[in-house]
Amino acid sequence: MALLLDLANIVGGFLLAVALLRRLPRVGDDLGRFAGRIAAFGWVVGVVALVTGGYYLIVHLVSGPRVFHFEVVGIAVGVALLWDRLTGRAAPGPTTRVRVGRSTGARPVRRCCYRSSV
């Protein structure tokens, strides 16, 4: 079970870092294609990370010596990979546009302090 937690942390960290790794000039395209193949299984990695991280967190809270950072990282990776499935909406990414405020569709009025009419 500890091996599953370690693998989920490694693969999940890779899946989360692919957006940054794609920007590397010589290896970005290859990593992008490889990540595109395994991105469909990202939710499986997220579930494994949540389950194993939660299990070891409970075990170490109840009877273990202390809480290790691997459990907390596993839970965080699981939540990050499952964010769109947990909330029902996609997390903001490089292709997702985040709108701040509301737009009425009207053109903004440009005001100038030197002229009295606009």
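**Figure 1. The whole chain, element by element.** Starting at the N terminus, the protein chain reads α-α-α-α-α. That makes five helices and zero strands in what is a predicted model. Of the 118 residues in the protein chain, buried ones make up 20%. The accessible surface adds up to about 9500 Å², and carbon and sulfur atoms hold 62% of that. As for contacts with a separation of 6 or more, 62% of them join residues 24 or more positions apart.

**Figure 2. Close-up of the Phe-14 and Phe-34 rings.** How many aromatic pairs does the chain have? The count is two. Here, the ring centres of Phe-14 and Phe-34 sit 5.9 Å apart with 50 degrees between the planes, so this pair goes down as tilted. The pair ties together distant parts of the chain: Phe-14 belongs to helix H1 (residues 2-21) and Phe-34 to helix H2 (residues 28-38), with their positions 20 residues apart. Is Phe-34 buried or exposed? Neither label quite fits, because its relative accessibility of 41% puts Phe-34 in the partly exposed class.

**Figure 3. Close-up of the neighbouring tyrosines, Tyr-55 and Tyr-56.** This aromatic pair is edge-to-face, with 5.1 Å from centre to centre and the planes at 75 degrees. Tyr-55 has a relative accessible area of 43%, so it counts as partly exposed. Tyr-56, at 16%, falls under the 20% cut-off and is therefore buried.

**Figure 4. Close-up of His-60 and what it touches.** Look for His-60 in helix H3 (residues 42-62). With a relative accessibility of 16%, His-60 is buried. Which side chain does the His-60 side chain meet in a polar contact? The partner is the side chain of Glu-71, at 2.5 Å. Leaving aside residues up to four places away in sequence, His-60 touches Pro-65, Arg-66, Val-67 and Phe-68, as well as Glu-71.

**Figure 5. Close-up of a nonpolar patch on the surface.** Which residues form the patch? They are Met-1, Phe-41, Trp-43, Val-44, Val-47, Val-51 and Tyr-55, and together they have about 670 Å² of accessible area. Met-1 comes from the segment before H1. Its relative accessibility is 46%, so Met-1 is partly exposed. Tyr-55 turns up here as well as in the edge-to-face pair with Tyr-56.

Technical notes. Residues are numbered from 1 along each chain as its sequence is written. This is a predicted model: local features need pLDDT of at least 70, side-chain atom pairs count only at pLDDT 80 or more; totals for chains, interfaces and linings use all residues. Side-chain values use heavy atoms; hydrogens and water are left out. Rings of Phe, Tyr and Trp (its six-membered ring) pair if their centres lie within 6.5 Å; planes under 30 degrees apart count as stacked, over 60 as edge-to-face and the rest as tilted. Helices (H or I, at least four residues) and strands (E, at least two) are DSSP runs, numbered from the N terminus. Buried means under 20% relative accessible area, exposed over 50%, partly exposed in between (1.4 Å probe, protein chains only). A polar contact is a pair of N or O atoms within 3.5 Å; within protein, one must be able to donate a hydrogen and the other to accept it, and residues adjacent in sequence count only if both atoms are side-chain atoms. Contact means heavy atoms within 4.5 Å. Patches are made of residues with over 30% relative accessible area and no salt bridge: like charges are joined within 9 Å, nonpolar side chains (Val, Leu, Ile, Met, Phe, Trp, Tyr) within 5 Å. Accessible areas come from the Shrake-Rupley method with a 1.4 Å probe; for residues, only the protein chains shown count as cover. A salt bridge is a side-chain nitrogen of Lys or Arg within 4 Å of a carboxyl oxygen of Asp or Glu.
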